[in-house]
Amino acid sequence: MASDEKTWLLEQRAHRCVENLSKHRFDAHYLETGAEVSEKVKPFLEAADTVGFGGSDTVRSLGLHALAEEMGKTVYDHHRPDLSYDETLAMRKGQQGCDLFFTSANALSETGEIINVDGIGNRTSAMAFGPSRVVVVAGINKIASGLHGALRRIREVAGPMRAKSLGVETPCAVTGVCSDCNAPMRICNITTILHRKPMLTEVTVFVVGEELGF
Ligand code: SF4
């Protein structure tokens, strides 16, 4: 359990991150708990017909897929286990033009940038252009001090843990260390940095004061 001082320090960091994201024209908010996210995103879901989900343990753990389905939305979720290869491809393509797209971030910089890596690119593309609104949900553990720290976090923490969780054949999934591999299943072929809000996409960011995802 974190000490009061550690909690305080992380919250200060999260508030600086939200402040700097807001300066960069992102619609950024701090929430104390992940349980608050569902209520916050309901108005966005009500306004959307089609909803896409990037691969994200954080978003899945908050039950947002189920919520979108309960609300009768057309959901593009390529992680459904019953899908054929062609069907997962169609889901990934559907994400590119949906009304509302949910994802997490591999890292947020305290200086106000959103950083993600991707193996295929459906998530990183949809975050930048296509959906009218993107909602990013990120736990306090995703915040790094600056852009270089964020990229380092992805190499040292998010990449190996994500590869392990997906069960892909990459060196990091065995050793826990990134070797900048050439594996066919490499999960970080593409890196996107949202330095500022993309011109034609509304981006809402919920920074949650709990550890979520990798
Ligand atoms: S480059 Fe390869 S080893 Fe490094 S995190 Fe990505 S998949 Fe893992």
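Mentor: Before we start, a helix here is a DSSP run of H or I with at least four residues, numbered from the N terminus. Keep in mind too that this is a predicted model.

Trainee: Fine. Which element gives the most to the lining of the second largest pocket?

Mentor: That's H7, with 5 residues. Helix H8 (171–175) and E9 also supply at least two residues each to that lining.

Trainee: How many residues line the second largest pocket, and which lie nearest its centre?

Mentor: There are 19 lining residues, and Ile154, Arg155, Cys178, Arg186 and Cys188 lie nearest the centre. The pocket's volume is about 280 Å³. By class, its lining divides into 12 nonpolar, 4 polar and 3 charged residues.

Trainee: Where does the ligand sit?

Mentor: To place a molecule, ask whether more than half of its atoms lie within 2 Å of a pocket's grid points. Here, the ligand sits in the second largest pocket.

Trainee: And which residues surround the ligand?

Mentor: Look for Thr170, Cys172, Cys178, Ser179, Asp180, Cys181, Arg186, Ile187 and Cys188. That shell has 5 nonpolar, 2 polar and 2 charged residues. Cys178, Arg186 and Cys188 belong to the ligand's surroundings and are also among the residues nearest the pocket centre.

Trainee: Let's move to the largest pocket. What is its volume?

Mentor: The largest pocket comes to about 600 Å³. Its lining has 24 residues, and those closest to the centre are Arg92, Asp118, Gly119, Ile120 and Leu166. The elements giving two or more residues to that lining are helix H5 (85–96), E6, helix H6 (122–128) and H7. Sorted by class, the lining has 10 nonpolar, 9 polar and 5 charged residues.

Trainee: How should I read a cavity, and how many of 30 Å³ or more turn up in the whole structure?

Mentor: With a cavity, the probe fits but cannot get out, whereas a pocket is open. The search finds 1 cavity of 30 Å³ or more. The largest cavity has a volume of about 110 Å³. Of its 13 lining residues, Asp57, Asn106, Lys142, Arg162 and Phe214 are the closest to the centre. Helix H3 (57–61) and helix H7 (147–166) each supply at least two residues of the lining. By class, that lining has 3 nonpolar, 6 polar and 4 charged residues.

Trainee: So H7 keeps coming back. What about E6: are the residues of that strand buried or exposed?

Mentor: Buried means under 20% relative accessible area. In strand E6 (residues 114–118), 5 of the 5 residues are buried. Try following the side chains: Ile114, Asn116 and Asp118 point one way, and Ile115 and Val117 the other way. Asp118 is also one of the residues closest to the centre of the largest pocket.

Trainee: How many bridges join E6 to strand E5?

Mentor: For a pairing, DSSP has to find at least two bridges. E5 (residues 107–109) and E6 are joined by 2 bridges and run antiparallel. In this arrangement, Ala107 stands opposite Ile115. The hairpin has 4 residues between the two strands, and Gly112 takes a positive phi near 100°.

Trainee: And over how many bridges do E6 and E9 pair?

Mentor: E6 and strand E9 (residues 190–194) pair over 5 bridges, again in the antiparallel sense. To find your place, start at Asn116, whose bridge partner in E9 is Thr192. From there you can go back to the ligand's pocket, as E9 supplies at least two residues of the lining of the second largest pocket.

Conventions:
Residues numbered from 1 in each chain as written. Predicted model: local features only at pLDDT ≥ 70, side-chain atom pairs only at ≥ 80, totals over all residues. Heavy atoms only, no water. Near = heavy atom within 4 Å. 1 Å grid on protein atoms, 1.4 Å probe; cavity = no way out; pocket = protein on both sides within 12 Å on 5 of 7 lines; lining within 4 Å. Nonpolar A, V, L, I, M, F, W, Y, C, P; charged D, E, K, R; others polar. Points joined across faces, edges and corners; volume = space filled by probe spheres on them. Buried < 20%, exposed > 50% of the residue type's maximum accessible area, 1.4 Å probe, protein only.
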